[in-house]
Amino acid sequence: MQQGQRVAVSSQGHEAINNLLKRTQSQIEQLGGPGLVVKLSSSTSEMNDQRSLHGCAVQALRESAIRQEPDVLGATVFSLVKESHADAPFDLLVIDEAGQVSLSNLLYMSQCARNILLVGDQQQLSQPNRAKHPGDSGLSCLDYGMDGQPVVPPERGVFLATSWRMPPVLTDLVSQLFYQGELQGSAENAANRVLWDGLEQGLLFQPVEHEGNGSASDEEGEAIAALVERLLERPYARMRFRDGVLVCEEHTLTPNDILITAPYNLQVNRLQRRLGDLARVGTVDRFQGQEAPVAIHSLTASDGDSAPRGLSFVLDPNRLNVAISRAQCLCIVVGSPRLATDISSSVDGVRQLNRLCRLMAADCKALPMEVSA
């Protein structure tokens, strides 16, 4: 923008677009320069866009309401494929969460800009495929470009090697498990911690004994409810940029600060009924790209034989990576220890079990359970 260029921003979903636009607006304000940032809303997204962008200078507008050309325009593929954008009016198209954007969508959107920047992580969940595609055409644009590499090769792009979200102790674990040890945590984030009666930062495995559970576990639901009760209204510290300066902010945990995930919709539904408005609850897929001071993940299944779609689904490395790396201070993985006793006949299966064992050993001290009546 400082060079007089116009930028388009897109992604698979509205929330990811809005998140990047808000960060862009914040950067504009820090630099003290003018700039018009607009989210192009549809009839179905307008209310959610206005709610998401509330209190921010980013404008959520319908196409007919835009009176001047924005410097930065956020829009979905359905807006960017229109004929009005067919002659490349933008200098740069930024695709956020590119691991969830299909090759075909990128092909259609590419006509709106002269240059394309893919931003994302091929070690997190890819696009949901609903049909069979020939050859590599069913891949996301990022998966296609990275060709199975866990870390971006220097000849194909830039690997952003610093995590600005997680504390270093959690970043180190995530790095070893998913990024060949090349991801580093910001040293300042060592201040990120939750001041309660348990582990203050990093990852904790909370064992919960149960058997015969597949896509739902009431035992894990009760354990998670007890954890939430102990966490709510406890103080936490987190490093944040404010007016271009890194400062340590101190707050108390609210329901919006606790993010809970599970691999199955049935477990998510039970957790939502059990917890109500006490935390944010959803599938791992739903919360990709989001963050919270505390992230709790329910493995749900009692063992490999009970797990729908097999243990490979529960222990899928991309799914685990997303669930764990949402945490800004503390991640708690709740699960049955019997999951680690499964036997696999494949190399990938053994790797998944090894990864689970390393998660279980990350902190061997289990929290005492305090389940309220």
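With which side chain does the side chain of Asp303 make a polar contact? Keep that one in mind while we look at the loop around Asp303. One thing to say up front is that this is a predicted model.

Asp303 sits in the loop between S15 and H10. Its relative accessible area is 13%, so Asp303 counts as buried, the cut-off being under 20%. Now for the opening question: the side chain of Asp303 makes a polar contact of 3.3 Å with the side chain of Arg338. There's also a link back to the main chain, as the Asp303 side chain reaches the backbone nitrogen of Ser306 at 2.9 Å. If you set aside residues up to four places away in sequence, Asp303 touches Arg338 and Leu339.

Stay in this loop for a moment and look at Thr300, which lies between strand S15 (292-298) and helix H10 (311-314). Its phi is near 75°, a positive value in a residue other than glycine. Is Thr300 buried or exposed? It's buried, with a relative accessible area of 0%.

Gln180 offers another backbone of this kind: phi there is near 55°, again positive in a residue other than glycine. You'll find Gln180 in the loop between helix H6 (168-178) and strand S8 (184-185). At a relative accessible area of 54%, Gln180 counts as exposed, whereas Thr300, at 0%, is buried.

That loop leads us back into H6, where Ser175 lies. With 1% relative accessibility, Ser175 counts as buried. Which residues does it contact once neighbours within four places in sequence are left aside? They are Gln180, Gly181, Glu182 and Leu183, so Gln180 turns up again here. One polar contact goes with this: the Ser175 side chain reaches the backbone nitrogen of Glu182 at 3.2 Å. A little further along, Gly185 is 10 residues from Ser175 in sequence, and their C-alpha atoms are 9.0 Å apart in space.

H6 also has a helix partner, H11. For pairs like this there's a handy shorthand: two packed helices are described by the angle between their axes and the distance between the axes. The axes of H6 and H11 come within 11 Å and cross at roughly 170°. That angle is over 145 degrees, so the two helices are roughly antiparallel to each other. On the H6 side the contact involves Leu170, Val174 and Phe178, which meet Pro317, Leu320, Asn321 and Ile324 in H11. By type, the contact residues divide into six nonpolar, one polar and no charged.

H11 itself (residues 317-324) is mostly covered, with seven of its eight residues buried. Those buried residues are Asn318, Arg319, Leu320, Asn321, Val322, Ala323 and Ile324. Leu320, Asn321 and Ile324 are also among the residues that meet H6. At the N-terminal end of H11, Asp316 acts as a cap: one of its side-chain oxygens lies 3.2 Å from the backbone nitrogen of Asn318.

Now try a second helix pair, H7 (residues 218-231) and H8 (residues 265-275). Their axes come within 10 Å and cross at roughly 45°. H7 and H8 are therefore oblique to each other, and H7 passes H8 in a right-handed crossing. What makes the contact? From H7 it's Asp218, Glu220, Gly221, Glu222, Ile224, Ala225 and Val228, and from H8 it's Gln267, Arg270, Leu271, Arg274 and Leu275. These contact residues divide into five nonpolar, two polar and five charged. Put that beside the contact of H6 with H11, where no charged residues take part.

Last stop is the start of the chain. Met1 lies in the segment before S1 and counts as partly exposed, at 33% relative accessibility. Where does it make contacts along the chain? Not counting residues up to four places away in sequence, Met1 touches Ile28, Pro34, Gly35, Asp71 and Val72. Val72 is 71 residues away along the chain, yet the C-alpha atoms of Met1 and Val72 are separated by 8.1 Å. Gln3 is found in the segment before strand S1 (7-10). Gln3 is exposed, with a relative accessible area of 68%, and a polar contact of 3.3 Å joins its side chain to that of Gln5.

How values were computed
Residues numbered from 1 in each chain as written. Predicted model: local features only at pLDDT ≥ 70, side-chain atom pairs only at ≥ 80, totals over all residues. Heavy atoms only, no water. Axes fitted to C-alpha atoms, helices over the stretch in contact; angles between N-to-C directions. Helix = DSSP H or I, 4+ residues; strand = E, 2+ residues; numbered from the N terminus. Parallel < 35°, antiparallel > 145°, perpendicular 65-115°, else oblique. Left-handed = near helix turned anticlockwise from the far one by under 90°. Contact = heavy atoms within 4.5 Å. Nonpolar A, V, L, I, M, F, W, Y, C, P; charged D, E, K, R; others polar. Buried < 20%, exposed > 50% of the residue type's maximum accessible area, 1.4 Å probe, protein only. Polar contact = N/O pair within 3.5 Å; in protein donor to acceptor, adjacent residues only side chain to side chain.
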